[in-house]
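Hi,

Here is the structure I promised to pass on. Have a look through it first, and then read my notes on the empty spaces below.

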Amino acid sequence: MGLLMVAGSAWWAVDHYTGKVDRISGVFPTKVPAAAQPAPSEGGQTFLLVGVDSRSVLPTTGRDAKAPEWQYGAQRSDTMMLVHLPADHSGAYVVSLPRDAWVDIPGHGKAKLNAAFSWGGPPLLIDTVQRLTKVRVDHLAVIDWDGFKKLTDSVGGVDLVVNGAERHMNGTQALVYVRERYHLARGDFDRTHRQQYFLRTLLAKVMRPSTFSNPVKATEVLDDLTAAVSVDDRLGDGDLRDLLWDNKEVRPGGIVFMNAPAKGTGMISGQSVVLLDSVAGPQLWRAMREDALDDYLQSHDADRLGATTP
């Protein structure tokens with residue numbers, strides 16, 4: 001009976017909170033030439049997860065948003081991750097796209113990847129990523145730094161190992177940690193690993209049994225999570241419930257984090273940019289389209305997240 005009550009409470013929470021997630025309309029690009037429109041992947045789903053520097057004193061994402069999620073030139077996407085959930089629900093693969101990657105942005109020519117969001121919001125960013133990777137983006141999730149800090153604080157902060165020592169960080173401190181790059185040996189590449197390390201640590205804390213065995217804490221965490229994140233309006237309540245149910249066995253240890261293949265950095269037009277690998281990159285994106293990332297990792301070297309990070 002106790003187990004049934006716990007299960008019933010968990011299902012009520014899922015059903016209740018999926019209906020409270022903020023939806024963004026019009027995030028997918030339109031009027032894209034057929035040749036630039038990627039075909040659906042052969043299996044699984046791919047999300048584009050975006051962390052936004054809104055440069056606004058008001059929240060721009062989540063149901064507490066009091067400012068537009070996008071205004072021309074007012075926001076840049078500091079964090080961009082393609083998250084692939086395989087059809088067999090065996091795990092998840094997270095690939096970080098460097099914000100300074102030098103790419104083609106439709107209608108604007110060559111520029112840094114994070115400029116796409118600034119110039120055209122979610123539609124231009126999705127169009128840019130899809131043309132770059134030829135991977136269909138099925139759904140979008142966006143969080144701004146205000147939501148990031150609130151979500152971190154709602155779980156009591158995180159414990160991260162930095163330079164060999166464990167540090168407890170609240171939301172403000174964690175934000176400084178994930179945004180640092182100038183004092184890191186590999187710059188933007190270490191920065192994205194920091195973001196991945198934080199996400200893995202946060203997920204481990206959110207998903208641990210003690211979070212949901214305490215009704216008060218579970219309600220607080222779910223309330224802050226659904227208040228902080230916005231998703232595309234194609235992701236309905238039923239889709240969210242199916243997503244959670246289908247991937248209920250996935251744990252943070254079963255999530256593979258890596259960086260998009262890159263050859264290094266360089267200077268273009270007076271800007272420090274990341275130069276993506278035009279050979280290794282397409283091989284990774286093909287594996288994502290074919291839902292074969294596990295096979296890819298067995299035969300390719302990848303810039304994967306280790307146990308800790310700088």
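**Notes on a cavity and a pocket**

The largest cavity holds about 30 Å³ of space. Keep in mind that this is a predicted model. As for how many there are, the structure holds 1 cavity of 30 Å³ or more.

If you want to find the largest cavity on screen, pick out the residues that line it: Asp78, Thr79, Met80, Met81, Ser96, Leu97, Arg99, Thr192 and Gln195. Two elements, strand E3 (76–85) and helix H5 (188–207), give two or more residues to that lining. E3 gives the most, with 4 residues. Sorted by class, the lining of the largest cavity comes out as 4 polar, 3 nonpolar and 2 charged residues.

Now for the pocket I looked at. The second largest pocket has a volume of about 430 Å³, and 23 residues line it. To centre your view there, go for Trp102, Val103, Leu132, Leu276 and Ser278, which lie nearest the centre of this pocket.

Which elements each supply at least two residues of the lining of the second largest pocket? There are two strands, E5 (102–105) and E13 (271–276), and two helices, H2 (115–133) and H9 (280–289). The make-up of the lining of the second largest pocket is 12 nonpolar residues, 7 charged and 4 polar.

That's what I have on these two spaces. Shout if you'd like to go through them together.

Cheers

Note on methods: Residues numbered from 1 in each chain as written. Predicted model: local features only at pLDDT ≥ 70, side-chain atom pairs only at ≥ 80, totals over all residues. Heavy atoms only, no water. 1 Å grid on protein atoms, 1.4 Å probe; cavity = no way out; pocket = protein on both sides within 12 Å on 5 of 7 lines; lining within 4 Å. Points joined across faces, edges and corners; volume = space filled by probe spheres on them. Nonpolar A, V, L, I, M, F, W, Y, C, P; charged D, E, K, R; others polar.
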